[in-house]
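Open the model in your viewer and keep the selection tool at hand. Each stop below says what to select and what is to be found there.

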Amino acid sequence: MIMKAYINEIFTSIQGEGSLVGLPFIFVRFAECNLRCPYCDTKFSWERSEFCYFGEEQLENPISIDKFIEIISSLPFNYLSFTGGEPLLNSEFIEEAIEKIDKKIFIETNGTLYEKLSSKLLDRVSFWSMDIKLPSLIKEDLFDTHINFINNLKKMKGELIIKAIFSTETEEEELFKVYKIATDFYKVNERVKLIFQPFTQNGEIKLSKKQLDIIYLIMKSQNFEIRLIPQIHKILSLP
Ligand code: SF4
């Protein structure tokens, strides 16, 4: 059977988040997500679309793996981000595609589908960008699920970028909990970075003085890389 996937769009842009911010990337946005974050800025990706938008082209969904590999191989940049939606809902498609694509693979995941973390992915993916969804933003506690996910990443060969988006509603305990999760991972695998990302709404960055002080305090006590970076693509009005 030919492997196929529903993809909402394929485009090139500048990475606007995390530790690779500013680099040119190819983005592949898969359709569908297993979460419904209230602040989601890609709600259109929750559903399957009839077409995959690729520049001026509209490709009929689902896209075959051969067509997908042909498209990606024709694009210039070296970094390929699988995003969504939740890309790990298409983990088998990704596994097969990246065997034949010569690019640095970046997976942007909501950090919940730990059963999808196969040894093929753990060996081949260069960067895992994993969100920790905070209860103050999604009104649900996913900490245990995230801990399960991260435990399954410990044997990865790439690098883990843990990203926590926080708002002015976020409690101090949540920020410390994120720090603890990253620290526990670091004790087993040192290839981890932690990004605190203040919520950006209508181009405005939401961050309180108290939160800034807490993050600064966390930074003082750490021995791995922790950064505070807003979403750059929103400030620059990039896709
Ligand atoms: S996990 Fe990402 S794509 Fe899914 S609802 Fe949350 S923000 Fe949107």
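Select helix α6 and colour Glu174, Leu175, Val178, Tyr179, Ile181, Ala182 and Phe185, which are its buried residues. Now turn the view to look down the axis of α6: these buried residues fall within an arc of 155°, so they line one face of the helix. A general rule helps here: an α-helix has 3.6 residues a turn, so residues three or four places apart point the same way. Bear in mind throughout that this is a predicted model.

Which residues of α6 are exposed on the other side? Select Glu172, Glu173, Lys187 and Val188 to see them. Then show the elements that the buried residues of α6 pack against: α4, α5, β10, β11 and α7. For the length of α6, set a distance from its first C-alpha to its last; the helix has 17 residues and reaches 25 Å, close to the 24 Å expected at 1.5 Å a residue.

Stay in α6 and pick Tyr179. Tyr179 has 22 other C-beta atoms within 10 Å, and 20 or more count as buried, so Tyr179 is buried. Add Ile195 to the selection: 16 residues separate Tyr179 and Ile195 in sequence, and their C-alpha atoms are 9.9 Å apart in space.

Next, select α7, residues 209–220. This helix has 12 residues and reaches 17 Å between its first and last C-alpha, close to the 16 Å expected at 1.5 Å a residue. Colour its buried residues, Gln211, Ile214, Ile215 and Ile218. Seen down the axis of α7, they fall within an arc of 95°, so they line one face of the helix. Lys209, Asp213, Tyr216 and Lys220 are exposed on the other side of α7.

What do the buried residues of α7 pack against? Show β10 (159–166), α6 (172–188), β11 (192–198) and β14 (225–228). The packing between α6 and α7 can thus be viewed from either helix, since α7 is also listed among the elements that the buried residues of α6 pack against.

Move on to Tyr6, in the loop between β1 (4–5) and β2 (7–14). Is Tyr6 buried or exposed? Tyr6 is buried, with 20 other C-beta atoms within 10 Å. Leaving aside neighbours within four places in sequence, select its contacts: Phe30, Ala31, Glu32, Arg48, Asn61 and Pro62. Then add Ile63, which is 57 residues from Tyr6 along the chain, while the two C-alpha atoms are separated by 6.3 Å.

Two of the contacts of Tyr6, Asn61 and Pro62, are worth a look at the backbone. The peptide bond from Asn61 to Pro62 is cis, with omega near -5°. Pro62 sits in the loop between β5 (57–60) and β6 (63–64).

Another contact of Tyr6 is Glu32, in the loop between β3 (24–30) and β4 (51–54). Glu32 is not a glycine, yet its phi is positive, about 85°. In general, most residues other than glycine have a negative phi, and most peptide bonds are trans. Glu32 is partly exposed, with 17 other C-beta atoms within 10 Å.

For a second positive phi in a residue that is not a glycine, go to Lys139, where the value is about 60°. Lys139 lies in the loop between α4 (135–138) and α5 (143–152). Lys139 is exposed, with 10 other C-beta atoms within 10 Å.

Now select Gly84 and Gly85, which are joined by a cis peptide bond with omega of about 15°. Gly85 is in the loop between β7 (79–83) and α2 (91–99). Both glycines are among the residues around the ligand. To see the rest of that shell, add Cys33, Leu35, Arg36, Cys37, Cys40, Thr42, Ser45, Glu86 and Asn110. By class, the shell has four nonpolar, five polar and two charged residues.

Finally, clear the selection and show the whole chain. The chain has eight helices and 14 strands, and its C-alpha trace spans about 50 × 40 × 30 Å along the principal axes. Of its 239 residues, 37% count as buried. A compact globule with 239 residues would have a radius of gyration near 18 Å, and the 17 Å of this chain agrees with that. Among contacts between residues at least 6 apart in sequence, 74% join residues at least 24 apart.

Technical notes:
Residues are numbered from 1 along each chain as its sequence is written. This is a predicted model: local features need pLDDT of at least 70, side-chain atom pairs count only at pLDDT 80 or more; totals for chains, interfaces and linings use all residues. Helices (H or I, at least four residues) and strands (E, at least two) are DSSP runs, numbered from the N terminus. The expected span of a helix is 1.5 Å times one less than its number of residues. A residue is buried if 20 or more other C-beta atoms lie within 10 Å of its own, exposed if 12 or fewer, and partly exposed in between; C-beta atoms are placed from the backbone. The arc is that of the directions from the helix axis to the C-beta atoms. Two residues are in contact if their C-beta atoms, placed from the backbone, lie within 7 Å. A residue is near a molecule or strand if its C-beta atom, placed from the backbone, lies within 6 Å of it. Ala, Val, Leu, Ile, Met, Phe, Trp, Tyr, Cys and Pro count as nonpolar, Asp, Glu, Lys and Arg as charged, and the others, Gly among them, as polar. The radius of gyration is taken over C-alpha atoms; the globule rule is 2.2 Å times the number of residues to the power 0.38.
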